[in-house]
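Visitor: Please show me the entry, and let us then examine how its descriptions are justified.

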Amino acid sequence: MIPLLAQAANPIVRWEYFIDEWDQIRRALVEHLELTVYAVALGLIVSAGLAAIALRYRWMVTPINGFTAFLYTIPSVALFGILVPYFGLSRLSAVLPLAAYTLLILVTNIVAGFNSVSPEVREAADGMGMTPARRVFQVELPLAMPYIIAGLRIAVVSTVGLVTVAAIIGQGGLGRLILDGLRRTFWTPMTIGSSLSILLALALDGLILLGGRWLTPWAQRGRGVL
Amino acid sequence: MMIAQAAVPRDIGVLEWLFDSTSWTGTDGILSSLGDTVILCAIVVVIATITMVPLASWLAHTRRGEVSVSWLVTLSRAIPTFAVAGLLVPISLRSGWGFEPWPIFIALLLLALPPIFLNTYTAIQQVDPGAVDAARAMGYSETEVLFRVELALATSVILAGVRVAAVTVVATEPIRAFLGGDGLGRYVRDGLGQNNDGLVIAGAMLIAGLAGLTALSFRSVERFALPDGVRRLATSATR
């Protein structure tokens, strides 16, 4: 299909591209990061609300879990596609599905985190005269943090991967480089877009891991003693 | 890259198009796209099952590979299929394997392996040690312990892993249409390309429908494939 000469001129990565097209790569990277942050932030807000409902009303756990699991199984191409007629090829059409996919893991982990707080601790906080709001934010939330961080890591890493698919509706950051390369049968942007999105996922994962250690120093202190 | 565009009149209604028998038949019809998708997904899931179930059962039976499991949990939800396939397209072409379907095949296989491995491994690991010891005391060989006790008790969880893998693969396969292939994702692609909202929605409905149907059919297989005793024992463990 592709003549031999073109093959030779079309290596898997042409390094000059990094310098020549740096602006485009940087823009794609920033857009990728923005879509990830918006989607996970929105997912986190909605999950916090759903988790609060599930923790307050036990009977809501099953319907909420069922709903988020249902959202998670909707194929990404279908979900991106179905929003286009309503929101156009806009950022919103990309962020909404991405946020929807984070709900399952985030709600599960937030609920598990708060359930892991022992009743004794809660009673002690009440006994010290804490208001329920203070108890939740100063005692329970910090203790639930390791679970929430674990969920956040998975949510962020999988969102970075899914953002590339949003390229099919003209968003998608690094995914656009992949589609662009494919359209022009020019391998360099494809390789760069794919590798950078994998590297970005690893980098963000490490960053949240470090952030989690900084937020919950006590969780690490015990490990040092043992 | 030559891709035949689905010829659908712009002004036709979504349901009208879906219920018109002529849109299902022919070389460009829904049935042939559906066939492409189902065949690829079936091959992926079968290969993942026949490799991962023996590997994971052996590792779990001999209590090896504890570390790999927790690592796999994170990995299984983090594989960027689109990026992996995108990375493989140039490599596949330069190696003379062509545009399709190797890159998407390998990317989907990577997606299908972890859930099957994980469910098989944890299911066999969690088989009641009392049952295993009783079987050994009755003179079962290690192979018999594995096949007649551990695998028998683990069947429903293993099937659940295969279901998760199958649904994920079916739900992800449509990106193939954006990587130079066809399959059921082509209608969303063509609809987006032609600015034809009806076609996009119809295509999305077909994809979501197939994913839902896959989940449903696996659930009914899970129900019928099990002996009553095992079903009662194992229902609590199913995901």
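Guide: Chain A contains 11 helices and 0 strands. This is a predicted model, in which local features need pLDDT of at least 70 and side-chain atom pairs count only at pLDDT 80 or more, while totals for chains, interfaces and linings use all residues. Residues are numbered from 1 along each chain as its sequence is written, and chains are lettered from A and ligands numbered from 1 in the order in which they are written.

Visitor: What makes a segment count as a helix or a strand?

Guide: Helices are DSSP runs of H or I with at least four residues, and strands are runs of E with at least two, numbered from the N terminus. On that basis chain A reads α-α-α-α-α-α-α-α-α-α-α. Chain B has 10 helices and 0 strands, in the order α-α-α-α-α-α-α-α-α-α.

Visitor: How does the radius of gyration of chain A stand against that of a compact globule?

Guide: The rule for a globule, with the radius taken over C-alpha atoms, is 2.2 Å times the number of residues to the power 0.38. For 226 residues this gives a value near 17 Å, but chain A has 22 Å. Its C-alpha atoms fill a box of roughly 80 × 45 × 25 Å along the principal axes.

Visitor: What share of chain B is called buried, and why?

Guide: A residue is buried because 20 or more other C-beta atoms, placed from the backbone, lie within 10 Å of its own. In chain B, 49% of the 239 residues count as buried; in chain A, the figure is 40% of 226 residues.

Notes
Buried ≥ 20, exposed ≤ 12 C-beta atoms within 10 Å, placed from the backbone.
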